[in-house]
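Pull up the model and keep it in view while you read. We'll begin with a few single residues and then work towards the way the helices pack.

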Amino acid sequence: MSGDANSPAHVDMASSYAAAAFKVVPLLNGAAALGTVHFIGQLRLEGNLGILATQPLAWAVGLFGVGALFGGLVPAFSYLSQAAFMEDWRPVNGVGFRWIAIVLAALGYLLFAVGLMTAVLSLTTVATAADRLPETTNPGTGGLSMAGVTASDLLPWIAVFAAVVSALLTHLFAVYRERRIARKRTAAWASSLKAEVEICAAFAEGYLKGNVDSPLYRLPIHIYSDALRALIEGGTLDGHDARKIVLFYSEVEMVNRGLDGSAAALNGLNLAVDEAAKQRHLDMLNREKKRIPLKASRIASRMLENSQKEGNHLYRDVMDVLARWSP
């Protein structure tokens with residue numbers, strides 16, 4: 001199944017992934033800041049080694065804090081961008097607000113990366129300095145310590161980071177699953193509507209090739225209403241594509257009304273008791289026999305002579321639309 005990259009469905013999908021990416025910025029930076037502050041509070045170093053470790057970590061906390069602030073500003077500028085587009089603010093340009101939100105999100109990720117590198121370099125410095133000190137054991141935890149830093153001191157920071165990563169993956173999976181279900185639903189509606197269109201086109205072609213004034217069949221319209229509503233609500237169709245489908249089925253309904261008129265005229269002709277009544281029903285039948293082929297030729301599955309003269313083949317147009325969304 002394929003589709004237009006500028007279609008509402010693709011735009012909505014891209015917006016969902018962008019929103020998920022924006023939400024991660026304050027989560028990453030905020031969780032990293034809290035974890036680092038907690039780590040500093042638990043840090044039990046002696047003398048100059050403690051100062052050596054805590055000062056770079058304090059810089060890391062500052063970077064995380066600014067990154068979280070930028071992440072918090074992203075939704076505000078996103079709202080201003082949408083409001084500018086929807087309410088047509090002048091002279092404010094919604095594109096400018098959108099780019100500000102994108103830059104803030106990018107800076108938030110950059111500050112998180114720089115803060116993380118700062119924290120890692122700080123711990124590397126501590127490890128290098130600790131190698132020069134006698135190795136001690138913390139009897140309270142039973143684990144080896146590095147100048148007073150035990151493995152248990154790192155657990156809160158690791159737990160917060162793991163929670164953020166888990167929340168991110170869960171959210172992305174939920175978005176992916178929702179979009180996958182929506183794509184399957186769209187494909188099902190489009191395939192069903194495509195099958196009905198093909199049946200309508202085949203019946204129309206059969207009427208044009210046959211010599212039956214009033215056939216028993218009518219062109220089906222069972223799926224049309226529900227499918228069109230579902231495709232529009234799902235953001236699959238824009239106004240241009242919806243217009244093609246509506247025009248096709250408008251011709252289908254007119255063909256059906258013409259077939260009903262032919263059936264009524266034949267029935268009246270058979271029951272007429274005088275010449276005037278017979279002539280009236282015969283004129284009605286001839287009128288429908290002229291109108292129905294003109295309508296049927298526009299929805300037939302092949303470019304017949306009448307449809308070529310008409311210059312607008314609706315079957316081809318609607319099949320081009322549905323082919324983008326059906327397997």
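## From single residues to helix packing

Leu57 has its place in helix 2, which covers residues 47-87. This is a predicted model, where local features need pLDDT of at least 70 and side-chain atom pairs count only at pLDDT 80 or more, while totals for chains, interfaces and linings use all residues. Residues are numbered from 1 along each chain as its sequence is written, and side-chain values use heavy atoms, with hydrogens and water left out. Helices (H or I, at least four residues) and strands (E, at least two) are DSSP runs, numbered from the N terminus.

Is Leu57 buried or exposed? Its relative accessibility is 2%, so Leu57 counts as buried. The scale here: buried means under 20% relative accessible area, exposed over 50%, and partly exposed in between, with a 1.4 Å probe and protein chains only. Leu57 and Val120 are 63 residues apart along the chain, and their C-alpha atoms are separated by 8.9 Å.

Ala68 also sits in helix 2. With 22% relative accessibility, Ala68 counts as partly exposed. If you leave aside the neighbours within four places in sequence, Ala68 is in contact (heavy atoms within 4.5 Å) with Pro26, Asn29 and Gly30. The C-alpha atoms of Ala68 and Tyr109 are separated by 9.4 Å, with the two positions 41 residues apart along the chain counted as their spacing.

Over in helix 1 (residues 8-42) you'll find Val37. Val37 counts as partly exposed because its relative accessibility is 45%. From Val37 to Val61 the C-alpha separation is 7.0 Å, for a pair 24 residues apart along the chain.

Now zoom out. The protein has 9 helices and 3 strands, and from the N terminus on, the elements run α-α-α-β-β-β-α-α-α-α-α-α. Of the 327 residues, 35% are buried. Among contacts with a separation of 6 or more, 72% come from residues 24 or more positions apart.

Where do the nonpolar side chains gather? A nonpolar core is a set of buried Ala, Val, Leu, Ile, Met, Phe, Trp, Tyr and Cys residues joined through side-chain atoms within 4.5 Å. The largest one has 28 residues, and Leu193, Val197, Ile245, Phe248, Tyr249 and Ile299 have the most contacts inside it. Helix 4 (151-209), helix 5 (224-233), helix 6, helix 7 (275-299) and helix 9 each supply at least two residues of this core. Apart from it lies another core, of 10 residues, with Val24, Phe39, Phe64 and Phe112 among them.

Val197 is a good residue to click on. Not counting neighbours within four places in sequence, Val197 is in contact with Phe248, Tyr249, Tyr315, Val318, Met319 and Leu322.

Next, helix 6 and its partners. Axes are lines fitted to C-alpha atoms, for helices over the stretch in contact, and angles run from 0 to 180 degrees between N-to-C directions. Angles under 35 degrees count as roughly parallel, over 145 as roughly antiparallel, 65 to 115 as roughly perpendicular and the rest as oblique.

Start with helix 5: its axis and that of helix 6 come within 11 Å and cross at roughly 175 degrees. That makes helix 5 roughly antiparallel to helix 6. Tyr224, Leu228 and Ile232 in helix 5 meet Ala242, Ile245, Val246 and Tyr249 in helix 6. The residues of this contact are 7 nonpolar, no polar and no charged (Ala, Val, Leu, Ile, Met, Phe, Trp, Tyr, Cys and Pro count as nonpolar, Asp, Glu, Lys and Arg as charged, and the others, Gly among them, as polar).

Helix 6 and helix 7 have their axes 8 Å apart and pack at an angle of about 160 degrees, which makes this pair roughly antiparallel. Their contact takes in 15 nonpolar, 5 polar and 5 charged residues.

Then there's helix 9 (residues 314-323), whose axis comes within 9 Å of that of helix 6 (residues 239-271), crossing at roughly 140 degrees. The two helices are therefore oblique to each other. On the helix 6 side, Asp241, Lys244, Ile245, Leu247, Phe248 and Glu251 meet Leu314, Tyr315, Asp317, Val318, Val321 and Leu322 in helix 9. That contact divides into 8 nonpolar, no polar and 4 charged residues.

Why call helix 9 largely enclosed by the rest of the structure? It is because 7 of its 10 residues are buried, namely Leu314, Tyr315, Asp317, Val318, Met319, Val321 and Leu322.
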